[in-house]
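Please consider the following structure with its sequence at hand. The paragraphs below lead through a salt bridge, two helix packings and the aromatic residues.

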Amino acid sequence: MPPLPLVSSLLLLLAILSSPSSAAAAAAKGRDGAASSMPRFREAPQFYNSPSCPPPLPTGPGAACSPNTLVHVAMTLDVAYLRGSMAAILSVLQHTACPQSVFFHFVASSAAGYLDATIADAFPSLAFQIYPFADEQRVAGLISTSIRAALDRPLNYARSYLARLLPECARRVVYLDSDLVLVDDIAGLASTPIPDGLALAAPEYCNANFTSYFTPTFWANPALSVAFEGRRACYFNTGVMVMELGRWRDGGYTEKIEEWMELQKRMRIYELGSLPPFLLVFAGRIAAVEHRWNQHGLGGDNYRGLCRNLHPGPVSLLHWSGKGKPWARLDAGRPCPLDALWAPYDLLRRSPFAMDDS
């Protein structure tokens, strides 16, 4: 993997991206009424398969079950985070040896027509399908309020329903959040060994304070805390996962996650959105992934979104989990140094619009 850009290059790029003159020009354009109510994106460069790759997939949904599909990627799509999603897609294609052999599965809850046209216009050769989130109303009834409004959107829980939404031919899927970019070949992540009996692989962080993800009420009740008995339960971030969907279906894991969500409605056992139910079901029962595949936390915490540095070690994926999103900080003229690594993947046409990261 090539080394990351030098700090001096990052600072120069940040200065250009956040310059007051650019902001003033954008504001003037907005006053002229040129801005659209929906974000518009420019067409991405075309990337081609290496000679060793299988034949390219045809565009559209028909290629989902093609034997030439090397990697299945699943993501959610909505207007609020679409700018991040577009950057993530571009980063996958740019850094893989076989970009025309990657199939994208998108889950959306609204504006499907706009999202479909936007993806097709920006990536004319992309093999993808958009699935309506059929369980949205059911999920909305199961969600309890958490520490940040963005975590309470039903679409944030769609990763728990991929086994119901995606075709059975998509047995192994790489799930990616919308606030990340890859700087390495996604095929390396997709090929993570997952032993028999396990349905999930993700980077684990066993030095994190695992008890903090659940309330004192949970830990004080032996009937609840026994859920982790006999397990080496560690925190893992659900924004980057390799999922064996056949095993997921066989294990009934969607139903198990829902059971914990139903209990949360009756008694407060956690505070942090869709993550704790995942931990309750899977912590200590996943295959390990190298930490380089999720350099997470670059968006700071869930309250202030302050700047953070990279964790020690190599980097294959940069993840702005937390409140601070790079596109919002760049637009506000207050970027963090590492936001310059996200900026080259930004496909937004330069028309002003407000990105809500609340």
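With which residue does Asp78 form a salt bridge, and how far apart are the closest N and O atoms? The model is a predicted one, and in it the partner of Asp78 is Arg153, with the closest N and O atoms 3.7 Å apart. This salt bridge links distant parts of the chain, its two residues being 75 residues apart. Asp78 lies in the loop between strand 1 (71-77) and helix 3 (82-95), whereas Arg153 belongs to the loop between helix 5 (136-142) and helix 6 (162-165). In total, 14 salt bridges are counted in the model.

The loop that holds Asp78 leads to helix 3, whose packing may be considered next. Two packed helices are described by the angle between their axes and the distance between the axes. For helix 3 and helix 4 (residues 112-122), the axes come within 12 Å and cross at roughly 35°. The crossing of helix 3 with helix 4 is right-handed. Helix 3 contributes Leu82, Met86 and Ile89 to the contact, while helix 4 contributes Tyr114, Leu115, Thr118, Ile119 and Ala122. By residue class, this contact of helix 3 with helix 4 comprises 7 nonpolar residues, 1 polar residue and no charged ones.

A further packing involves helix 11 (residues 253-266) and helix 12 (residues 275-282), whose axes come within 9 Å and cross at roughly 120°. Angles over 145 degrees count as roughly antiparallel and those from 65 to 115 as roughly perpendicular; helix 11 and helix 12 are therefore oblique to each other. Helix 11 passes helix 12 in a right-handed crossing. On the side of helix 11, the contact is made by Tyr253, Lys256, Ile257, Trp260 and Met261; on the side of helix 12, it is made by Pro277, Phe278, Leu280, Val281 and Phe282. The residues of this contact of helix 11 with helix 12 divide into 9 nonpolar, no polar and 1 charged.

Trp260, one of the contact residues of helix 11, also takes part in an aromatic cluster. Which residues join Trp260 in that cluster? They are Tyr205, Phe210, Tyr213, Phe214, Phe218, Trp219, Phe228 and Tyr235. Across the model, the count of aromatic pairs comes to 22.

Notes:
Residues are numbered from 1 along each chain as its sequence is written. This is a predicted model: local features need pLDDT of at least 70, side-chain atom pairs count only at pLDDT 80 or more; totals for chains, interfaces and linings use all residues. Side-chain values use heavy atoms; hydrogens and water are left out. Rings of Phe, Tyr and Trp (its six-membered ring) pair if their centres lie within 6.5 Å; planes under 30 degrees apart count as stacked, over 60 as edge-to-face and the rest as tilted. Axes are lines fitted to C-alpha atoms, for helices over the stretch in contact, and angles run from 0 to 180 degrees between N-to-C directions. Helices (H or I, at least four residues) and strands (E, at least two) are DSSP runs, numbered from the N terminus. Angles under 35 degrees count as roughly parallel, over 145 as roughly antiparallel, 65 to 115 as roughly perpendicular and the rest as oblique. A crossing is left-handed if the near helix is turned anticlockwise from the far one by less than a right angle, and right-handed if clockwise. Contact means heavy atoms within 4.5 Å. Ala, Val, Leu, Ile, Met, Phe, Trp, Tyr, Cys and Pro count as nonpolar, Asp, Glu, Lys and Arg as charged, and the others, Gly among them, as polar. A salt bridge is a side-chain nitrogen of Lys or Arg within 4 Å of a carboxyl oxygen of Asp or Glu.
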